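Here's a walk through this model, going from the overall fold to the ligand site and then to a few odd spots in the loops. Keep the structure open and follow along.

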Amino acid sequence: MNAKIIYGTAWKKERTSGLVISAVLNGFKAIDTACQPKHYREDLVGEALQVLYDKHGFKREDILLQTKFTPLSGQLPTPTLPYDPSTPLPTQILSSFSTSLSNLKTTYLDSYLLHSPMRSLALTLQAWNVLVGLREEGKVRKIGISNCYDVRILEALEEGEEEEGVRGKRKVDVVQNRWYEGNEWDVDVWKYCVERGIQYQSFWTLSGSPSLLSHPSTLHISRTKQITPSQVIYKLAQMHGITPLSGTTKEEHMKDGVGVERIDLFGDVVEGEDVEAVARELVTSMDEDGKMRPIGNMGGRS
Ligand SMILES: NC(=O)c1ccc[n+]([C@@H]2O[C@H](COP(=O)([O-])OP(=O)(O)OC[C@H]3O[C@@H](n4cnc5c(N)ncnc54)[C@H](OP(=O)(O)O)[C@@H]3O)[C@@H](O)[C@H]2O)c1
């Protein structure tokens, strides 16, 4: 998914449909959901899409759709379960995938993710092979994994590529992770993704970094550029090759999120290199000539 920001549909319950319609009408071009009734109403995302197609002239290819396979550990017990837990894992995934296509009223997905690694690496690889197959068959454009904070798992997913002789066959296209101050912005995984051209999607982008949102430099940039502190953080994320998810329920915040792409915060994009670079660049102030000026540590970091 190449959108600069993705609309997230978790926890919206019966409001999902109206909010997705509003998000797309306000400029979001990508939607994230999951076949996980506990937190997402994927079916209502589908209803929203139908309204957008029928009443607002959108076509399927105008909107990037991403959903997830959620392992049993992340699901509520039946009857809401989108697969029979007694069947083998590949069957569970194909059943969940088929439910997602039906819910989302589509024949293909732009992006399909494992909601998390499985309880063992062997099972994670087994699940990954199913996603690789779906991509090969053209049913999914991109595949990826969420809640994966160990680079070794990402390496393992892509391992064996040379032996199989098909370049890109096992490639990870997308990682969707918690990006926040509590995990030092997930720097190892983020860096791995940037270096390999994997799209890094962030959640908790605003709520997870209160010290960034209230940092004097954020507030200074916000005042100087007349944008909101949330827009500053989204912009800084985008400047580091991150695609933030926004699950806002407010139209005003939808416009803010979509508008970030057009904001020219610092002129040239600065390349991030390591955790210190991320921290420094996230918390910067501007020189009079508009250049970024790192101000060093933040949030008690030494
Ligand atoms: N893979 C996973 O396990 C996982 C886990 C969590 C989330 N996600 C995905 O990520 C999406 C986003 O979730 P999130 O946890 O990052 O939080 P979020 O739903 O984006 O919202 C976090 C808070 O930020 C506020 N907010 C959003 N945009 C704002 C703006 N422009 N200005 C000011 N406040 C703003 C929201 O309030 P308002 O509603 O008032 O704007 C809300 O209180 C989810 O919907 C889901 O798709 C995935």
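The chain's secondary structure adds up to 12 helices and 10 strands. Bear in mind that this is a predicted model. Of the 302 residues in the chain, 43% count as buried. Take the contacts between residues at least 6 apart in sequence, and 73% of them join residues at least 24 apart.

How far can you trust it? The mean pLDDT of the chain is 87, with 85% of the residues reaching 70 or more. Two stretches deserve some caution. Residues 268-279 have a pLDDT below 50, and beyond near neighbours in sequence that stretch has 16 contacts in the model. Residues 283-302 are also below 50, with 37 contacts beyond near neighbours in sequence.

**The barrel**

Now to the core of the fold. Eight strands close into a barrel, in the order S1-S2-S3-S4-S5-S6-S7-S8, and the pairing is parallel. From one strand to the next, the twist averages 30°. On the sheet packs helix H4 (residues 121-136), which touches S4 and strand S5 (140-146); the direction of H4 makes about 160° with that of S5.

Here are some of the strand pairs, each with one residue pair to look for:

| Strand pair | Sense and bridges | Residues facing each other |
|---|---|---|
| S1 (residues 6-8) and S8 | parallel, two bridges | tyrosine 7 and serine 246 |
| S2 (residues 30-32) and S3 (residues 64-69) | parallel, three bridges | alanine 30 and leucine 64 |
| S7 (residues 199-203) and S8 | parallel, three bridges | tyrosine 200 and isoleucine 242 |

S8 turns up twice there, paired with S1 and with S7. Is this strand buried or exposed? Five of the five residues of S8 are buried, so the strand is largely enclosed by the rest of the structure. In a regular strand, side chains alternate between the two faces of the sheet. In S8 both faces are covered: Ile242, Pro244 and Ser246 are buried on one side, and Thr243 and Leu245 are buried on the other. Two of these have turned up already, with Ser246 bridging to Tyr7 and Ile242 standing opposite Tyr200.

**Around the ligand**

Which residues come nearest to the ligand? Of the 23 residues around it, those are Gly8, Ala10, Ser230, Gly247 and Thr248. Sorted by class, the shell holds five nonpolar, 15 polar and three charged residues.

Strand S8 (242-246) and helix H11 (251-259) each supply at least two residues of this shell. H11 gives the most, with three. That helix also has an inward-facing story of its own to check: Met254, Asp256, Gly257 and Val258 are its buried residues. They pack against helix H1 (16-25), helix H10 (229-239) and S8. So S8 and H11 are linked in two ways, as both contribute to the ligand shell and the buried residues of H11 pack against S8.

**Odd spots in the loops**

Most residues other than glycine have a negative phi. Two here go the other way. Lysine 105 has a positive phi, near 50°, and sits in the loop between helix H3 (89-103) and strand S4 (109-114). Glutamate 184, also not a glycine, has a positive phi of about 50°; look for it in the loop between strand S6 (174-178) and helix H7 (187-196).

How exposed are they? Lysine 105 has 15 other C-beta atoms within 10 Å, so it counts as partly exposed. Glutamate 184 is partly exposed because 15 other C-beta atoms lie within 10 Å.

While you're by H7, have a look at arginine 196, which belongs to that helix. With 13 C-beta neighbours inside 10 Å, arginine 196 is partly exposed. Arginine 196 and valine 172 are 24 residues apart in sequence, and their C-alpha atoms are 9.1 Å apart in space.

How values were computed. Residues numbered from 1 in each chain as written. Predicted model: local features only at pLDDT ≥ 70, side-chain atom pairs only at ≥ 80, totals over all residues. Near = placed C-beta within 6 Å. Helix = DSSP H or I, 4+ residues; strand = E, 2+ residues; numbered from the N terminus. Nonpolar A, V, L, I, M, F, W, Y, C, P; charged D, E, K, R; others polar. Buried ≥ 20, exposed ≤ 12 C-beta atoms within 10 Å, placed from the backbone. Pairing = 2+ DSSP bridges. Contact = placed C-beta atoms within 7 Å. Axes fitted to C-alpha atoms, helices over the stretch in contact; angles between N-to-C directions. pLDDT = per-residue confidence, 0-100.
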